[in-house]
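Work through the two exercises below with the structure at hand, and try each task before reading its solution.

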Protein chains: 2
Amino acid sequence: MLADGFSRYSNKIGCLITTYGVGELSALNGIAGAFSENVKVLHIVGVARSVHSRSQDYNNQNLHHLVPRLHDSNFVGPNHKVYLEMIKDRVACSVTYLEDINTACDEVDKVIMDIYRYSKPGYVFVPVDFSDMLVDPSNLFKRPEITLENCVSYAPSPVVDELVRMVLQYIYESKCPSIIGDVLCDRFGASSMVNNLIQLTSMWNFATVMGKSIIDESNVMYMGLYNGNESIETVTERFLQSDLVLHFGIQVHEINNGHYTINYKEDAKVIEFHSEYIRFFDASTGNEKVFKGVNFVQVLERLIQTINVNKLNFEYPSNIEKFATDEVNLPTEPTEITKVTQNYLQKSVPHYLNPGDVLVCETGSFQFAIRDFVLPSQLKYITQGFFLSIGMALPAAFGVGIAMQDYPRCHISKDHPSHVEIPDDYEPRLILIEGDGAAQMTIQELTSMVRFQVPIEIMILNNNGYTIERAIRGPTRSYNDVMSWDWTKLLEAFGDFKKQRTVSAKIETRSKLAMKLKQLKNKGKLNLIELVEIKLDTMDFPKQLQSMVDAAAFTRKCSLE
Amino acid sequence: MLADGFSRYSNKIGCLITTYGVGELSALNGIAGAFSENVKVLHIVGVARSVHSRSQDYNNQNLHHLVPRLHDSNFVGPNHKVYLEMIKDRVACSVTYLEDINTACDEVDKVIMDIYRYSKPGYVFVPVDFSDMLVDPSNLFKRPEITLENCVSYAPSPVVDELVRMVLQYIYESKCPSIIGDVLCDRFGASSMVNNLIQLTSMWNFATVMGKSIIDESNVMYMGLYNGNESIETVTERFLQSDLVLHFGIQVHEINNGHYTINYKEDAKVIEFHSEYIRFFDASTGNEKVFKGVNFVQVLERLIQTINVNKLNFEYPSNIEKFATDEVNLPTEPTEITKVTQNYLQKSVPHYLNPGDVLVCETGSFQFAIRDFVLPSQLKYITQGFFLSIGMALPAAFGVGIAMQDYPRCHISKDHPSHVEIPDDYEPRLILIEGDGAAQMTIQELTSMVRFQVPIEIMILNNNGYTIERAIRGPTRSYNDVMSWDWTKLLEAFGDFKKQRTVSAKIETRSKLAMKLKQLKNKGKLNLIELVEIKLDTMDFPKQLQSMVDAAAFTRKCSLE
């Protein structure tokens with residue numbers, strides 16, 4: 001999950017190295033998450049000695065870390081590829097088990113190229129005796145670096161030209177077009193292109209759950225996050241006025257599509273841009289055309305080069321303005337309430353974020369609140385929004401922190417179309433919002449943050465267990481409880497004995513939280529780990545979560561009928 | 001790993017329930033360990049609604065926690081059985097994905113019976129809509145309980161009689177026979193039978209790495225732990241005098257067989273008793289006969305009933321006595337040394353154990369010391385000796401603790417052949433010996449112990465990281481380092497705010513350790529969690545580990561030649 005976070009921030013390949021079996025299988029849930037959410041992870045697994053150097057005796061021997069066969073394991077040796085067979089074509093886009101040192105370099109390169117091409121995890125199994133062998137270095141000259149750009153499959157130029165011509169025709173004919181910036185824009189390095197297109201054309205634009213923060217939400221045509229029936233009503237109203245939807249980097253699943261409730265204006269045209277196809281869809285007729293083997297980045301690039309803004313004929317409704325967070329209609333709480341509520345957090349956390357910061361959020365109830373934030377310019381938002389493995393965010397945030405050291409400010413561009421200035425000397429903050437239940441699952445990564453001195457602000461939303469699960473099922477069941485911890489003692493126990501690298505605070509009132517958030521927002525370069533435990537009521541969760549629970553229940557009901 | 005520990009203690013089925021994908025895959029390393037070491041675990045996985053209640057639309061929908069397909073995932077729904085396909089026949093002896101409520105009970109029963117039959121993990125995938133459905137209760141009458149005894153496959157009586165006749169003939173002809181009590185004796189509930197046979201016949205007997213503590217080592221004919229070239233020399237000398245070896249519950253792999261260096265007296269006869277076969281082997285001729293489809297427990301039972309002790313003709317060498325720990329030849333350290341060393345621990349820990357206690361040891365350097373302990377009568381020793389996944393012991397010990405609450409004293413028998421009295425009011429202690437590096441991997445289970453009030457004594461051997469790995473490779477590499485923790489603050493942070501349920505101590509000298517061990521040995525029913533951090537030097541490890549490292553290096557070298 002660390003490698004996953006590293007890649008989500010840097011858009012490079014995050015790499016992990018494990019021992020076969022024990023470490024390898026422990027990492028599998030993280031790999032499945034990366035596979036599901038198109039994250040570039042290379043998993044190098046150290047395995048037993050190579051097949052050619054094994055004696056027949058050795059082949060028949062059961063080795064530790066390697067599961068023996070179900071039958072006759074005292075007579076028949078183990079299957080050395082048993083773990084490979086588990087993951088191949090299921091959670092890996094490319095796999096090689098090195099058996100010949102002469103082809104090893106090519107095989108490794110192939111896996112790396114596939115990881116970029118699919119933006120999914122790949123595996124290399126390396127026999128222990130290969131690690132000290134010399135190889136032919138010619139690949140280093142042939143292919144001095146492997147980049148995203150030289151790995152995606154390019155369609156022939158005439159095909160791209162024709163597609164761009166078609167897309168342009170749709171755009172020129174449209175009165176009220178919209179752009180959706182979805183998850184694969186990030187994974188295929190096209191986020192700034194999408195923002196350029198928005199800047200160039202002033203089209204309405206929407207975020208998705210998985211694509212949140214890809215579109216710079218500081219732009220004046222930002223119309224909110226659309227997620228079918230689970231959207232804010234006013235966002236849906238806007239979206240349903242779009243006569244053309246340009247959906248860049250589309251990924252379809254129940255979370256990203258509001259449990260499959262995406263609707264279009266009845267006569268809308270929809271163009272979906274994916275890494276492997278472009279799809280034209282006509283909502284009035286239901287007709288579709290799919291062009292396969294085209295990566296949308298190529299098309300988008302050409303589109304920006306070719307578009308003639310003088311030919312645009314948009315007639316957006318004049319009464320509709322940029323999406324504002326008050327459209328969420330959060331209740332007004334009595335002023336005498338001093339305790340912190342999710343409602344209060346939803347209102348205050350956005351003000352605590354600076355342009356260019358990096359925000360990581362754990363799977364849990366607060367993820368639902370962030371959907372409807374208007375995020376500051378060039379803030380990078382990272383969350384596992386689809387695979388939703390509780391406990392993922394803490395190690396992922398550690399990986400993000402390492403990537404921010406290795407590739408500082410790589411998510412910030414000097415000539416970003418938003419024109420929001422991020423001063424050169426501003427050090428983007430890394431912020432993690434994490435529930436107490438989830439944090440307990442992977443808490444030891446806190447110690448790694450101390451060890452590798454990763455500056456981070458961690459908000460532990462302490463609501464006494466798995467509130468998101470309570471909202472769905474079993475509100476008072478003990479399986480949703482966790483132990484109460486003294487969160488403010490953890491970092492000291494985990495290695496910061498003299499409290500020199502970390503600050504821990506427990507906060508129970510709004511006034512103290514406001515002070516803390518303000519202080520953190522303006523703290524400058526302190527390079528500390530700040531852990532803030534925020535006490536919340538057990539059954540307090542954002543109203544957007546209730547909409548999801550209702551929508552999911554409705555979908556389940558419908559699928560029964 | 002909790003379920004695994006539960007089963008290792010109770011010999012019942014340990015059960016875990018997870019959600020498909022996220023929880024399920026996170027548990028996979030634990031399952032692979034249980035599979036490798038014949039532990040009875042039932043993994044119930046909650047999955048999406050059943051196939052018959054799914055609409056076509058639903059079938060095409062990508063669901064959270066479920067990896068989408070590599071190709072065309074926006075058009076083709078996911079494979080709902082993708083995780084089942086991973087584990088089937090690889091880390092599970094039996095699997096069912098419930099699809100028909102009418103056959104569900106039979107299918108679940110079948111998995112449970114297979115788990116007992118193979119002593120390996122099984123899986124039941126339960127659709128979410130099945131959990132509230134009513135089923136035909138007739139299985140409850142047909143099969144009121146499923147036990148180990150009614151699940152193993154019994155051979156026809158004449159076959160068993162003939163096998164017993166053959167075995168008896170070997171025994172009656174032998175002058176110097178030996179019994180080995182190996183791991184499957186425990187898993188198939190035959191440990192006390194083996195001890196009865198020893199008591200009845202006064203045969204020499206040996207432990208194995210995986211079978212440690214199955215044989216009651218208080219018996220006067222206990223000759224030590226034999227593990228091929230990795231044994232204490234004097235144990236090997238004894239073993240090589242055996243003209244007949246009765247190896248009960250055999251499991252063959254590099255750890256249990258000293259990297260495949262088991263030797264026999266040149267004219268020895270060997271009989272291997274396994275859950276699925278009996279094998280006769282003649283070391284002088286190399287001839288073997290394998291009888292398949294026979295569970296050894298049936299043969300052993302009949303053997304004990306049939307054996308005529310008057311026909312025994314043993315002539316053991318009169319100069320050989322019971323194995324004694326001083327045969328390990330531990331060095332004598334200068335008396336002025338006050339710090340704790342592995343050498344000191346090896347000498348003192350055995351005295352701290354009481355008959356009937358339960359000792360759990362983590363994968364790590366101290367595992368190697370315990371091999372040559374002479375354990376007190378009816379002490380149950382639990383360790384993951386073959387799969388060797390670091391971090392397994394802490395959750396496993398928690399599972400053991402729960403099992404000790406559910407089945408108190410189930411490892412102790414009133415009429416145990418050892419005749420060592422364990423008073424009725426003695427509450428067996430649960431002791432965990434754990435390295436600091438391993439403990440950091442699964443440290444959050446400490447909080448579960450506080451939550452469920454599992455009394456336990458935890459010795460944290462703090463040697464600044466992965467000493468066992470340093471011994472094998474990279475003694476000073478940073479990947480073998482871990483953060484220094486303040487171990488004595490953990491339990492307080494993890495929920496025992498007022499230090500009412502736990503006691504934590506940091507120990508750096510021998511005198512303090514001696515006092516602590518004595519106090520714990522005699523503490524009576526305090527029902528506390530006692531955490532004792534013991535400081536050790538980074539490169540200090542038991543001499544037996546060096547033998548293993550040397551032996552493994554030698555085997556690797558040989559397999560190359």
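**Exercise 1.** Determine how helix α10 (residues 191-201) of chain B and helix α12 (residues 296-306) of chain B pack, giving the angle and the distance between their axes.

*Solution.* In this predicted model, the axes of α10(B) and α12(B) lie 10 Å apart, at an angle of about 30°. Because angles under 35 degrees count as roughly parallel, α10(B) and α12(B) are roughly parallel to each other. As for handedness, α10(B) passes α12(B) in a left-handed crossing, a term for a near helix turned anticlockwise from the far one by less than a right angle. On the side of α10(B), the contact (heavy atoms within 4.5 Å) is made by Met193(B), Val194(B), Asn196(B), Leu197(B) and Leu200(B), while α12(B) contributes Val297(B), Leu300(B), Glu301(B), Leu303(B) and Ile304(B). Sorted by class, these are eight nonpolar, one polar and one charged residues.

**Exercise 2.** Find which turn and which shift along the axis lay chain A on chain B, and name the relation.

*Solution.* A turn of 180° with a shift of 0.0 Å along the axis lays chain A on chain B with an RMSD of 0.0 Å, the superposition being by least squares on the C-alpha atoms of residues with pLDDT of at least 70 in both. This is therefore the relation of a two-fold axis. Within chain A, the C-alpha nearest the axis belongs to Met86(A), at 2.3 Å from it. The same surface serves both copies, since 100% of the contact residues of chain A recur in chain B.

**Conventions.** Residues are numbered from 1 along each chain as its sequence is written, and chains are lettered from A in the order in which they are written. Local features need pLDDT of at least 70, and side-chain values use heavy atoms, with hydrogens and water left out.

Terms used. This is a predicted model: local features need pLDDT of at least 70, side-chain atom pairs count only at pLDDT 80 or more; totals for chains, interfaces and linings use all residues. Axes are lines fitted to C-alpha atoms, for helices over the stretch in contact, and angles run from 0 to 180 degrees between N-to-C directions. Helices (H or I, at least four residues) and strands (E, at least two) are DSSP runs, numbered from the N terminus. Angles under 35 degrees count as roughly parallel, over 145 as roughly antiparallel, 65 to 115 as roughly perpendicular and the rest as oblique. Ala, Val, Leu, Ile, Met, Phe, Trp, Tyr, Cys and Pro count as nonpolar, Asp, Glu, Lys and Arg as charged, and the others, Gly among them, as polar.
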